[in-house]
Amino acid sequence: MSGSGPAARLQQLFEGRRLTPTQRRIAHSMVRRAGDVPFLSSVELAELAGVSQPSVTRFAVALGFDGYPALRKHLREVAPAGSAPGDGDDAYNEYQQAVLGEIENLRQLAELLADPGPVERAGRLLAASRPLPVLGLRAASSQARGFGYFAAKVHPDVRVLDEGGSMLPDRIDAARRAGATALICFALPRYPKEVVDALAYARGQGLTVVSVADSAFAPVAGHSDLLIPAAVGTGLAFDTACAPMLLGRVLLEAMCDALPDAQARLEEFDARAAARGLFVE
């Protein structure tokens with residue numbers, strides 16, 4: 001992950017580490033709350049991640065520190081000046097703070113996109129897959145449907161998989177038999193077990209999996225060939241997903257770049273829409 005924001009620095013700290021599932025959960029929670037983590041106690045971090053306090057201590061040692069205090073000291077030293085949580089928060093109500101949190105998520109996404117390589121690779125994989133399955137269940141179903149709606153304007157065969165159940169593997173099988181080579185998945189908290197199982201199944205059938213998730217340590221990471229993270233907002237009762245939605249549009253742009261007839265398809269759609277009087281100007 002490129003850039004120098006809090007989430008980027010944490011990702012760099014974790015890169016190349018062999019972490020246990022519990023340690024990945026801690027890392028995932030730290031990335032989600034990157035701005036607050038340098039100021040959390042080990043007990044608070046344990047509660048945030050849903051693990052025991054000794055697990056947090058072992059996690060810090062696994063990263064090469066003497067213990068959690070040393071890890072927290074390191075994080076405070078590399079945190080930007082004046083970044084302590086609560087600085088200036090009194091000037092904003094909870095709704096404004098939620099918006100500001102999403103703005104920070106978008107800044108992190110901009111840092112990530114400083115290296116366009118992963119997105120460009122994803123665009124090529126998605127453009128080449130005929131058909132293109134687009135998976136997203138529960139909270140992520142709207143992301144999948146939105147991506148699928150626009151993708152269908154430039155891609156000849158898009159299949160949105162937004163319902164779980166026993167038919168989901170059948171629909172993956174059908175796409176694979178029809179010639180699909182890749183699948184894109186939108187996975188957001190809380191992660192349905194069905195999504196993880198579906199990705200494992202898809203890879204077992206030979207599909208290359210591209211995932212959009214809120215962290216590189218999300219449960220779908222182990223079943224993804226290429227995962228591009230975009231944080232969700234957690235300031236309201238229900239998570240907000242501005243950054244994942246924008247990342248989906250960026251991936252659409254990369255896919256269009258890899259489809260030689262994308263512009264012609266868009267122009268054809270516009271002509272048909274005008275002939276039908278589909279939109280009101």
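This is a short walk through a predicted model, from a helix near the start of the chain to a strand, a pocket and one buried alanine.

Let us begin with helix α1, which covers residues 6–14. Several of its residues are buried, namely A7, A8, L10, Q11, L13 and F14. What lies over them? The cover includes four helices, α2 (21–32), α4 (53–62), α5 (68–78) and α6 (94–112), together with strand β5 (226–229). So if you colour α1 in your viewer, these are good elements to show beside the helix. Just past the end of α1, have a look at G16, whose phi is positive, at about 80°.

Next, please turn to strand β1, residues 132–135. Its side chains alternate: L132 and V134 point one way, while P133 and L135 point the other way. Are these residues buried or exposed? On both faces of β1 they are buried.

Strand β1 also has partners. It runs parallel to β2 (residues 158–161), and four bridges join the two strands. Strand β3 (residues 182–187) is parallel to β1 as well, here with two bridges. V134 is a handy residue for following both pairings: in β2 it stands opposite V160, and in β3 its bridge partner is I184. Between β1 and β2 comes a helix to trace, since β1, α8 (residues 141–151) and β2 together form a β-α-β unit that is right-handed.

Now for an open space in the model. The second largest pocket has a volume of about 450 Å³. It is lined by 16 residues, and those closest to its centre are R25, H28, S29, A49 and Y191. Which elements give two or more residues to this lining? They are α2 and α3 (42–49), with α2 providing the largest share, seven residues. By character, the lining residues of this pocket divide into seven nonpolar, four polar and five charged. Recall that α2 also belongs to the cover over the buried residues of α1.

Our last stop is A254, in helix α11 (residues 242–258). Why does A254 count as buried? Its relative accessibility is 10%, and the cut-off for buried is under 20%. Setting aside neighbours within four places in sequence, A254 is in contact with V119, E120 and G123. A127 offers another reference point: 127 residues separate A254 and A127 in sequence, yet their C-alpha atoms are 8.8 Å apart in space.

Technical notes. Residues are numbered from 1 along each chain as its sequence is written. This is a predicted model: local features need pLDDT of at least 70, side-chain atom pairs count only at pLDDT 80 or more; totals for chains, interfaces and linings use all residues. Side-chain values use heavy atoms; hydrogens and water are left out. Buried means under 20% relative accessible area, exposed over 50%, partly exposed in between (1.4 Å probe, protein chains only). Contact means heavy atoms within 4.5 Å. Two strands pair if DSSP finds at least two bridges between them. A crossover is right-handed if, with the strands pointing away from the viewer, the path from the first strand over the helix to the second runs clockwise. On a 1 Å grid over the protein atoms alone, a cavity is a set of points where a 1.4 Å probe fits but cannot get out, and a pocket is an open set with protein on both sides within 12 Å along at least five of seven lines; lining residues have an atom within 4 Å of a point. Grid points are joined across faces, edges and corners, and a volume is the space filled by probe spheres set on the points. Ala, Val, Leu, Ile, Met, Phe, Trp, Tyr, Cys and Pro count as nonpolar, Asp, Glu, Lys and Arg as charged, and the others, Gly among them, as polar.
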